[in-house]
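Hi everyone, thanks for coming along. Today I'd like to walk you through one model, helix by helix, with a few residues as stopping points along the way.

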Amino acid sequence: MLLLRDTSDPSPAEEALRSAIGIAKRQGTRCFELRATLALAKLYQATGRPADAHVVLAPALEGFSPSLEMPEIAEAMLLSARLA
């Protein structure tokens, strides 16, 4: 929603996603952390920052394996492989 408000400035969306990642880490909710990190990586990729996308996504994927219950894992793995 923040990107819809001002597509020329992705920094508020980036800040909100970084905050969501931090909250998920503090709460120990790795699934939510991965979802927020995937969204941040997509934002970085869309704004021409593929290296930053890979830097945030790779550690968030550690310990996960593909699961039908969480398709975001496979999506994140695919994106990470493309960015490597």
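**A walk through the helix packing**

Let's start with S11, which lies in helix 2, residues 11-27. Helices here are DSSP runs of H or I with at least four residues, strands are runs of E with at least two, and both are numbered from the N terminus. Before going further, a word on the source: this is a predicted model, so local features need pLDDT of at least 70, side-chain atom pairs count only at pLDDT 80 or more, and totals for chains, interfaces and linings use all residues. Residues are numbered from 1 along each chain as its sequence is written, and side-chain values use heavy atoms, with hydrogens and water left out.

Back to S11. Its relative accessible area is 37%, so S11 is partly exposed; buried means under 20%, exposed over 50%, and partly exposed in between, with a 1.4 Å probe and protein chains only. The side chains of S11 and D9 are joined by a polar contact of 2.6 Å. By polar contact I mean a pair of N or O atoms within 3.5 Å; within protein, one must be able to donate a hydrogen and the other to accept it, and residues adjacent in sequence count only if both atoms are side-chain atoms. S11 also sits 9.9 Å from L43, C-alpha to C-alpha, with their positions 32 residues apart along the chain.

Staying in helix 2, we come to E14. Is E14 buried or exposed? E14 has a relative accessible area of 17%, so it counts as buried. Setting aside neighbours within four places in sequence, E14 is in contact with L40, L43, Y44 and R49, where contact means heavy atoms within 4.5 Å.

**Helix 2 on helix 3**

Now for the pairs. Two packed helices are described by the angle between their axes and the distance between the axes. Axes are lines fitted to C-alpha atoms, for helices over the stretch in contact, and angles run from 0 to 180 degrees between N-to-C directions.

For helix 2 and helix 3, the axes come within 8 Å and cross at roughly 160°. These two helices are therefore roughly antiparallel; the scheme takes angles under 35 degrees as roughly parallel, over 145 as roughly antiparallel, 65 to 115 as roughly perpendicular and the rest as oblique. Their crossing is left-handed, meaning that the near helix is turned anticlockwise from the far one by less than a right angle; clockwise would be right-handed. Who meets whom? On the helix 2 side we have A13, E14, L17, R18, A20, I21, A24 and K25, and across from them in helix 3 are F32, E33, A36, T37, A39, L40, L43 and Y44. The residues of this contact split into eleven nonpolar, one polar and four charged. For that split, Ala, Val, Leu, Ile, Met, Phe, Trp, Tyr, Cys and Pro count as nonpolar, Asp, Glu, Lys and Arg as charged, and the others, Gly among them, as polar.

**Helix 3 on helix 4**

Moving along the chain, helix 3 (residues 30-46) and helix 4 (residues 50-61) have axes that come within 8 Å and cross at roughly 170°. Helix 3 and helix 4 are therefore roughly antiparallel too, and helix 3 passes helix 4 in a left-handed crossing. R30, L34, T37, L38, L40, A41, Y44 and Q45 in helix 3 meet P50, D52, A53, V56, L57, P59, A60 and L61 in helix 4. That contact divides into twelve nonpolar, two polar and two charged residues.

One residue to look at here is A53, in helix 4. With a relative accessible area of 0%, A53 is buried. Not counting residues up to four places away in sequence, A53 touches A41, Y44, Q45 and L83.

**Helix 4 on helix 5**

Last pair: helix 4 and helix 5 (residues 71-83) pack at about 135°, with axes 9 Å apart. Helix 4 and helix 5 are therefore oblique to each other, and their crossing is left-handed. The contact is made by P50, A53, H54, L57 and L61 of helix 4 and I73, A76, M77, L79, S80 and L83 of helix 5. Its residues are nine nonpolar, two polar and no charged.

Let's finish on A76, in helix 5. A76 is buried, at 0% relative accessible area, and beyond four places in sequence it touches L34, L38, L57 and L61.
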